[in-house]
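Reader: I'd like a close look at a single part of this model, and then at how it fits into the rest. Please spell out your cut-offs as you go, since I'll want to compare them with my own scripts.

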Amino acid sequence: QVQKALYCLLIEAASIEFQNSKKTAPNKMRMLIDFIIRKFGVFGEREMIICYRYFEHDERTRKFFKKVHRDSKDLKKTLNGMAWDLTHVRTVEKFYVLKPDETCKLAIHPILTYDNGLKEVLKLCPVKKIAVYKDIVIPCLKTTFHELMPEANELMFQPDIMEQRKEIFDKLDFDQLVSEMEELLDKVLEEG
């Protein structure tokens, strides 16, 4: 489900960028936040930072998003692969609670990649520390999304909005959302 969620988020981000490339990053992020609140429900700190920097046309996102253009061949396949890359990063974090044997208190699993685009976007949000609580891994990033966009706290984390996001997420059919998002992307590309 995580990969499908990230795939949908990347489709939405690309669609917003294609339709609004001249708008400011905060304006594009408001659109992405609106999508999260209305249809998605999920908030991923690292992915929001990456999308914000993508909307800023930050040089450090160029390699990761290099094949994401209106006229790109196999755009859905590209976005799907990017979602898998980001999913692997989340999976590696979860490995911190997996122990090779009972005598091991903590195992740190590295990520190895030759993907320069992935390395660049991961440098956008390095991990400051990782907490493990009751077999839940909580990475704390050096830069938080609300540091980039302070109004995000008001837009996403008010109790009523958080409840709305939880309700959306609890009812979410990821396969249906993937179909809707792919149709949206096709429509955006046709309008090009």
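Author: Happy to! Let's begin with helix α3, where the buried residues are Arg 46, Glu 47, Met 48, Ile 49, Ile 50, Cys 51, Tyr 52, Arg 53, Tyr 54 and Phe 55. Here buried means under 20% relative accessible area, exposed means over 50%, and partly exposed lies in between (1.4 Å probe, protein chains only). Helices are DSSP runs of H or I with at least four residues, strands are runs of E with at least two, and both are numbered from the N terminus. Helix α3 covers residues 45-55, and because 10 of its 11 residues are buried, the helix is largely enclosed by the rest of the structure. After α3 comes His 57, which has a positive phi near 65°.

Before going further, please keep in mind that this is a predicted model: local features need pLDDT of at least 70 and side-chain atom pairs count only at pLDDT 80 or more, while totals for chains, interfaces and linings use all residues. Residues are numbered from 1 along each chain as its sequence is written, and side-chain values use heavy atoms, with hydrogens and water left out.

Just past α3, Asp 58 and Arg 60 join their side chains in a salt bridge at 2.7 Å, N to O; the term stands for a side-chain nitrogen of Lys or Arg within 4 Å of a carboxyl oxygen of Asp or Glu. Asp 58 counts as buried at 12% relative accessibility, whereas Arg 60 is partly exposed at 35%.

Glu 45, at the start of α3, also turns up in the story of Arg 165. That arginine sits in helix α8, residues 159-171. Arg 165 is buried yet has no salt bridge, and Glu 45, the nearest side chain of opposite charge, is 9.6 Å away. Setting aside neighbours within four places in sequence, Arg 165 is in contact with Ile 36, Ile 37, Gly 41, Phe 43, Met 156 and Phe 157. Contact means heavy atoms within 4.5 Å.

Now for the wider setting. The protein has 9 helices and 2 strands, in the order α-α-α-α-α-β-β-α-α-α-α from the N terminus. Buried residues make up 41% of its 192 residues. Of the contacts between residues at least 6 apart in sequence, 70% join residues at least 24 apart.

The structure holds 12 salt bridges. One of them pairs Lys 4 with Asp 175 at 2.4 Å, N to O. Lys 4 lies in helix α1 (residues 2-19) and Asp 175 in helix α9 (residues 174-191), so this pair ties together parts that are 171 residues apart in sequence. Both ends are partly exposed, Lys 4 at 27% and Asp 175 at 47%. Asp 186 and Lys 76 form another salt bridge, at 2.9 Å, N to O. This pair links distant parts of the chain, with Asp 186 in α9 and Lys 76 in helix α4 (residues 75-94), 110 residues apart. Asp 186 is partly exposed at 30% relative accessibility, and Lys 76 is partly exposed at 28%.

Finally, the overall dimensions. The C-alpha atoms fill a box of roughly 60 × 40 × 30 Å along the principal axes. The radius of gyration is 17 Å, which agrees with the value near 16 Å for a compact globule of 192 residues; the radius is taken over C-alpha atoms, and the globule rule is 2.2 Å times the number of residues to the power 0.38.

Technical notes
Lys and Arg count as positive and Asp and Glu as negative; His and the chain ends are not counted.
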